[in-house]
Amino acid sequence: MCLLLSANILDFDLVKMPSQKEDSPRVLLIGGIQGDEPGGFNALNLFLQHYKILKGEVWVIPNLNRHSILRNHRGIYGDMNRKFKTLSKNDPEYSIIERLKSIVLHDKIDFIFHLHDGSGFYRETYISKELNPSRWGNCSIIDQEKLKGAKYGNLLEYSQSIVKYVNASALKDLHLYHIRNTHTAKEDKEMEKSLTFFAVRNQKGALANEASKNLPLNERVYYHLLAVEGILKTLGVEFKRDFKLTPRKILEFINDSEAVVQITPLITLPVMGLKKSIAFFPLPSKEIAQIPLSSTHYIMGLLPKNQDIVLKYGNKIVTQLSPFVIEFEKSAQKVQIQVDHRVEEVRLGSIIKVKKSFKVLPSNLRVNVIGFTPKGRAGVSEANYEISLANLIKKYSIDTKERQYRIEFYNGRKFAGMIIVEFEK
Ligand SMILES: [Zn+2]
């Protein structure tokens, strides 16, 4: 058996956030059209986790250019934001663009808000190399002032309202937002090919928002979220968030210490604090794009690298797995584990916390505690041993603090699942 490491085009996610009162506008938020602009896709990843819509409806595409995000590349197949005027059917991203166009044109969508990270700080007049009219950072972008005939067409007015909202919470004068009108229809041949102008040409209100690449990630996300709030309020979409919006809180959310990712139902891994690489890691013999991943974070993904697989969280590397390719059981069963002298039923594919020791009770499954070798009895099932941190070889831990270990379960020649044991401090 071997793993097929094909360069699959990964499709984007569309997540709908409905409300009890859906009479007012439905807004489409889009992030990640360029894979090296993490402010936008991290902002929407957090928006999906920490906001609730109370009136109106919001649709979110957090990871439009997913394959480029995972590779930290502006656009592996060229700039995706130049593919909305004409595009060859042979373009590898043709089907992604077609799907996106149909969502933009959907009857239910009234307005499109598109997030970017741009360099420097936009200013109407030349002030310095980083502050001038050809910079894109921290501005609200309109293609034109008004869109006649559109349901929500007062683009300049909306942009003014966003800028006012954002600037009320700006961290420094340097960061103050300005409006940039690209006058696309009159003079900007490049921007004619963009996503927002595609919407505008089709009588849909659309704005772009730029956070500065000169800012650290959490501050970019801060400005994007302020701008998203600004447009939602302006259009009459009501929402609530479950936190106080500050750059410090955003940093905490980005480095979410509780984050986990499920790789098939049989394995759950923590996202933060893993070692750079983990050897001999069970994976099913499937194309990478077909391996099911799920997480509360929307920007997780797997990428091939030589014979290995890299687990990514947006642009960040979580860990590199050296696969041990094996057939996986279809569903996870439960086993009994004595955790600190109390017997618990544990589903394979979970993470358990242990204070002092654990003991896997015997079942029909063969048990392999990675990093544990009972004296003189290598190769047998490692059920029924009481194991504490001192019994484990540290280099086999999966985390840099050397407190997390894996127990693997096998049913004959099949992989039945993994349990991660974390020794608490
Ligand atoms: Zn961009």
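Start at the zinc ion and select the protein atoms that hold it in this predicted model. Its donors are OE1 of Q34, two OE contacts from E37, and ND1 of H116, at distances of 1.9 to 2.4 Å. Try the angle tool here: the 4 donor atoms make angles of 56 to 159°, and the site comes out irregular. Tetrahedral would need all angles between 85 and 135 degrees.

Now colour the donor residues along the chain. Their spacing reads Q-x2-E-x78-H. Q34 sits in the loop between β2 (21-30) and α1 (38-50), while H116 belongs to strand β4 (residues 111-118), so this pair ties together parts that are 82 residues apart in sequence. Are Q34 and H116 buried or exposed? Switch on the surface to check: both Q34 and H116 are buried.

**Next stop: the rings**

Hide the metal site and show the aromatic side chains. The whole structure has 14 aromatic pairs. Pick Y51 and F243 to begin with. Their ring centres are 5.9 Å apart and the planes meet at 80°, so this is an edge-to-face pair; the cut-off for that label is over 60 degrees. Trace the backbone from each ring and you'll find Y51 in strand β3 (residues 51-61) and F243 in the loop between β10 (238-241) and α8 (247-254), so the contact ties together parts that are 192 residues apart in sequence. Y51 has a relative accessibility of 6%, which makes it buried. F243 is buried too, with a relative accessible area of 10%.

For another pair, jump to F358 and F423. This one is tilted, with 6.2 Å from centre to centre and 50° between the planes. F358 is in strand β21 (residues 357-360) and F423 in strand β25 (residues 414-423), so look for a link between distant parts of the chain, 65 residues apart. F358 and F423 are both buried.

Then go back to Y51 and F243 and widen the selection. Which residues do ring pairs link into a cluster with them? Add F47, F239 and F253, and you have the cluster on screen.

**Last stop: arginines over rings**

Select R99 together with F12. R99 lies over the face of the F12 ring, 4.0 Å from the ring centre. Now do the same with R180 and W136: here R180 lies over the face of W136, at 3.6 Å from the ring centre. Turn each ring face-on and you'll see the arginine over it, R99 in the case of F12 and R180 in the case of W136.

Methods. Residues are numbered from 1 along each chain as its sequence is written. This is a predicted model: local features need pLDDT of at least 70, side-chain atom pairs count only at pLDDT 80 or more; totals for chains, interfaces and linings use all residues. Side-chain values use heavy atoms; hydrogens and water are left out. Rings of Phe, Tyr and Trp (its six-membered ring) pair if their centres lie within 6.5 Å; planes under 30 degrees apart count as stacked, over 60 as edge-to-face and the rest as tilted. Helices (H or I, at least four residues) and strands (E, at least two) are DSSP runs, numbered from the N terminus. Buried means under 20% relative accessible area, exposed over 50%, partly exposed in between (1.4 Å probe, protein chains only). A charge sits over a ring if NZ of Lys or CZ of Arg is within 6 Å of the ring centre and within 35 degrees of the ring normal. Donors are N, O and S atoms within 2.8 Å of the metal (3.2 Å for Na, K and Ca); water is not among the atoms, so sites may look incomplete. Four donors count as tetrahedral if all angles lie between 85 and 135 degrees; four count as square planar and six as octahedral if opposite donors are over 155 degrees apart and all others between 65 and 115; anything else is irregular.
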